[in-house]
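Me: I'd love a close look at one part of this model, the salt bridges and what surrounds them. Could you walk me through that part and then place it in the rest of the chain?

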Amino acid sequence: MVNAIWMFMLLIGFIAAAAQGRIDTVTEAVFDGAKTGVTVSFGLISVMVFWLGMMRIAEDAGLLKSLAKALGPIVRYLFPDVPRNHPALGFIMSNMSANLLGLGNAATPMGIRAMQELQKLNPSKDTASPAMCTLLAINTSSITLIPTTLIAIRMNFGSANPAEIVGTTLLATIVATCAAIAADRWYRRRSGSPPGMTSRRKSGLPAPAAGVELPPVPD
């Protein structure tokens, strides 16, 4: 669907330019956009390398571990259906820690691993579980203390004070995260138990252990 939307917008742009006899303007914009994209990408490399290095230092110094430990009670509240010592919780906390520091590139692998671990607990493999939906909502909104990527982009375009967005970004991401959590709780209450869990509870069967496939529920 997204590809179709982009293709539609490109076609409309070319048709409008051709109708007005301004194809040269479109061609110039295409090359200028490509040039800007490459310039911005190279400008981001130094900043991203710096912050990824800082994150590695923080990881070796135990800072990320302490931050993840501090997030433990919050994560257990947000993911009550995940077993306490399941590996997914560790990946979720690492993902949230990286997002707090504005390191989206570092957070993405942890988010993928967390989703893979949550899928092992999912009784319905073709439907996202409530925990997976919660992780997606948290990862998408994500409170950000230091918007590293945005600061790098502002520096690359010559901003006089590239870090002045820290306060507004923090406020905006707090509001976004609160809205995401509220929506997630609301939908959880409306949807009830995930597919396959209600029938197991009615049958008196325990919830699945970490990484264990669910056997069929007896009639």
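Reply: Happy to. Let's begin with Asp184, which is buried because its relative accessible area is 10%. Keep in mind that this is a predicted model.

Asp184 has two charged partners to look at. With Arg185 the side chains form a salt bridge, at 3.0 Å from N to O. Arg185 counts as buried, since its relative accessible area is 15%, and the cut-off for buried is under 20%. The other partner is Arg188, whose side chain meets that of Asp184 at 3.5 Å, N to O, in a salt bridge. Asp184 and Arg188 both sit in helix α8, and because they are four residues apart there, about one helical turn separates them. In general, an α-helix has 3.6 residues a turn, so residues three or four places apart point the same way. Like Asp184, Arg188 is buried. Through shared partners, salt bridges tie Asp81, Asp184, Arg185 and Arg188 into one network.

In total, the structure has five salt bridges. Another of them is formed by the side chains of Arg154 and Glu164, at 2.9 Å from N to O. This pair links distant parts of the chain: Arg154 belongs to helix α7, while Glu164, ten residues away, lies in the loop between α7 and α8 (166-191). Its two members are covered to different degrees: Arg154 is partly exposed, with a relative accessible area of 24%, whereas Glu164 counts as exposed at 51%.

Now for the setting. The protein chain has nine helices and zero strands, and 31% of its 219 residues count as buried. An unreviewed UniProt entry places the feature "transmembrane region" at residues 37-55, 91-112, 133-153 and 165-183. In the model, residues 165-183 are 95% helix and 0% strand, with end C-alpha atoms 26 Å apart. Residues 133-153 are 71% helix and 0% strand, and there the end C-alpha atoms lie 30 Å apart.

Helix α6 (residues 130-141) is worth a stop. Its twelve residues should span 16 Å at 1.5 Å a residue, and the end C-alpha atoms are 17 Å apart, which agrees. Among the buried residues of α6 are Pro130, Met132, Leu135 and Ile138. Just after α6 comes Ser142, with a positive phi of about 50 degrees, a sign seen here in a residue other than glycine. Ser142 lies in the loop between α6 and α7 (148-156) and is buried, with a relative accessible area of 8%.

Next, the nonpolar side of things. The largest nonpolar core has 19 residues, of which Val75, Phe79, Val82, Ile92 and Leu118 touch the most other members. Helices α3 (63-78), α4 (87-100), α5 (104-121) and α6 each give two or more residues to this core, and α4 gives the most, with seven. Also in α5 is Gln116, which is partly exposed at 44% relative accessibility. From Gln116 to Phe91 the C-alpha distance is 10.0 Å, with their positions 25 residues apart in sequence.

Finally, nonpolar residues also appear on the surface. Met1, Val2, Ile5, Trp6, Phe8, Met9 and Ile12 form a nonpolar patch there, with about 830 Å² of accessible area together. Of these, Ile12 is found in helix α1 (residues 2-19) and is partly exposed, at a relative accessible area of 41%.

How values were computed. Residues are numbered from 1 along each chain as its sequence is written. This is a predicted model: local features need pLDDT of at least 70, side-chain atom pairs count only at pLDDT 80 or more; totals for chains, interfaces and linings use all residues. Side-chain values use heavy atoms; hydrogens and water are left out. Patches are made of residues with over 30% relative accessible area and no salt bridge: like charges are joined within 9 Å, nonpolar side chains (Val, Leu, Ile, Met, Phe, Trp, Tyr) within 5 Å. Accessible areas come from the Shrake-Rupley method with a 1.4 Å probe; for residues, only the protein chains shown count as cover. A salt bridge is a side-chain nitrogen of Lys or Arg within 4 Å of a carboxyl oxygen of Asp or Glu. Buried means under 20% relative accessible area, exposed over 50%, partly exposed in between (1.4 Å probe, protein chains only). UniProt positions are given in the numbering used here, feature names are shortened, and annotations may be inferred rather than shown by experiment. The expected span of a helix is 1.5 Å times one less than its number of residues. A nonpolar core is a set of buried Ala, Val, Leu, Ile, Met, Phe, Trp, Tyr and Cys residues joined through side-chain atoms within 4.5 Å.
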